[in-house]
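Biologist: I would like a close look at a single part of this protein. Please take one strand and its surroundings, and explain them in short steps.

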Amino acid sequence: CTRCEGLGTTTGEPCSRCHGRGVIPTTERISVKIPPGVDTGSKIRVAGKGEAGRSGAPAGDLYILTKVRPHPPYERKGDNLYIDVPTTVTEAALGASIEVQTLDGPVMMKIPPATQSGQTFRLSGKGMPHLKGEGRGDQFVRVKIVLPKNLDERSQQLLRDFERLNPYNPRMERP
């Protein structure tokens with residue numbers, strides 16, 4: 001309070017402006033720069049924007065505790081990002097170059113032949129920026145093999161022929 005200079009009293013009586021509290025609550029809109037790489041639980045300090053100091057002392061600091069919302073299709077773990085990418089049976093079996101979305105935009109990624117559903121590939125340096133320091137985390141791409149919903153008779157027959165030519169039961173490999 002400028003009238004009582006933060007003491008709460010003037011001439012022995014409670015200050016009429018701050019009602020004896022020594023401070024006058026005010027609301028102020030401020031802009032805060034959120035640095036890249038901030039995650040849930042990060043603290044951002046804004047100097048001089050906290051509680052008023054006693055007896056005319058400078059104001060304290062304001063601390064903002066961040067909460068980062070999820071951003072599908074990405075899953076964040078530290079500075080690393082994870083994304084599931086749907087892939088056809090043909091792409092997984094024969095190998096392919098596919099487009100993968102990153103924070104910086106789409107990139108092309110090679111899937112090697114005989115890729116299994118759930119297999120994970122790393123895109124180095126395509127994750128979140130490190131909050132303190134240089135560099136970035138990685139982006140991990142999990143392959144999800146997706147089958148067509150409606151197979152015509154010819155496609156079904158081709159799959160039966162494939163199964164006959166390649167007798168393989170993955171459940172037999174389990175201990």
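Modeller: What follows starts with one strand, moves to the core, and ends with the salt bridges. Keep in mind that this is a predicted model.

Start with strand β9, residues 120-123. Its side chains alternate. Phe121 and Leu123 point to one face, and both are buried. Thr120 and Arg122 point to the other face, and they are not buried. This fits a general pattern: in a regular strand, side chains alternate between the two faces of the sheet.

Now look at the partner of β9. Strand β10 covers residues 139-145 and runs antiparallel to β9. The two strands are joined by 4 bridges. Across from Phe121 stands Val141 of β10.

Val141 leads us to the core. The largest nonpolar core has 13 residues. Val141 is among the members that touch the most others, along with Val85, Ile98, Val100 and Met109. Which elements give two or more residues to this core? They are β6 (80-87), β7, β8, β9 and β10. The largest share, 3 residues, comes from β6. In general, nonpolar side chains tend to be buried together in soluble globular proteins.

Take Val100 as an example. Leaving aside residues up to four places away in sequence, Val100 touches Leu123 and Val141, among others. Its contacts also include Val85, Val107 and Met109. Gly105, Pro106 and Gln139 are touched by Val100 as well.

Next, the charged side chains. The whole structure holds 11 salt bridges. One of them joins Asp104 and Arg136, with 3.0 Å from N to O. Asp104 sits in the loop between β7 (96-102) and β8 (105-111), while Arg136 sits in the loop between β9 and β10. The pair links distant parts of the chain, 32 residues apart. Arg136 counts as partly exposed, because its relative accessibility is 28%.

β10 has a charged link too. Arg142 belongs to a network of salt bridges with Glu75, Lys77 and Asp84. Within it, Lys77 and Glu75 form a salt bridge, and their closest N and O atoms are 3.8 Å apart. Lys77 is partly exposed at 44% relative accessible area. Glu75 is also partly exposed, at 34%.

Finally, compare a pair elsewhere. Lys49 forms a salt bridge with Glu28, with closest N and O atoms 2.8 Å apart. Lys49 is in the loop between β3 and β4, and Glu28 is in the loop between β2 and β3, so the pair ties together parts 21 residues apart in sequence. Glu28 is exposed, with a relative accessible area of 52%, whereas Lys49 is partly exposed at 36%.

Methods
Residues numbered from 1 in each chain as written. Predicted model: local features only at pLDDT ≥ 70, side-chain atom pairs only at ≥ 80, totals over all residues. Heavy atoms only, no water. Buried < 20%, exposed > 50% of the residue type's maximum accessible area, 1.4 Å probe, protein only. Pairing = 2+ DSSP bridges. Salt bridge = Lys/Arg side-chain N within 4 Å of Asp/Glu carboxyl O. Core = buried A, V, L, I, M, F, W, Y, C linked by side-chain atoms within 4.5 Å. Contact = heavy atoms within 4.5 Å.
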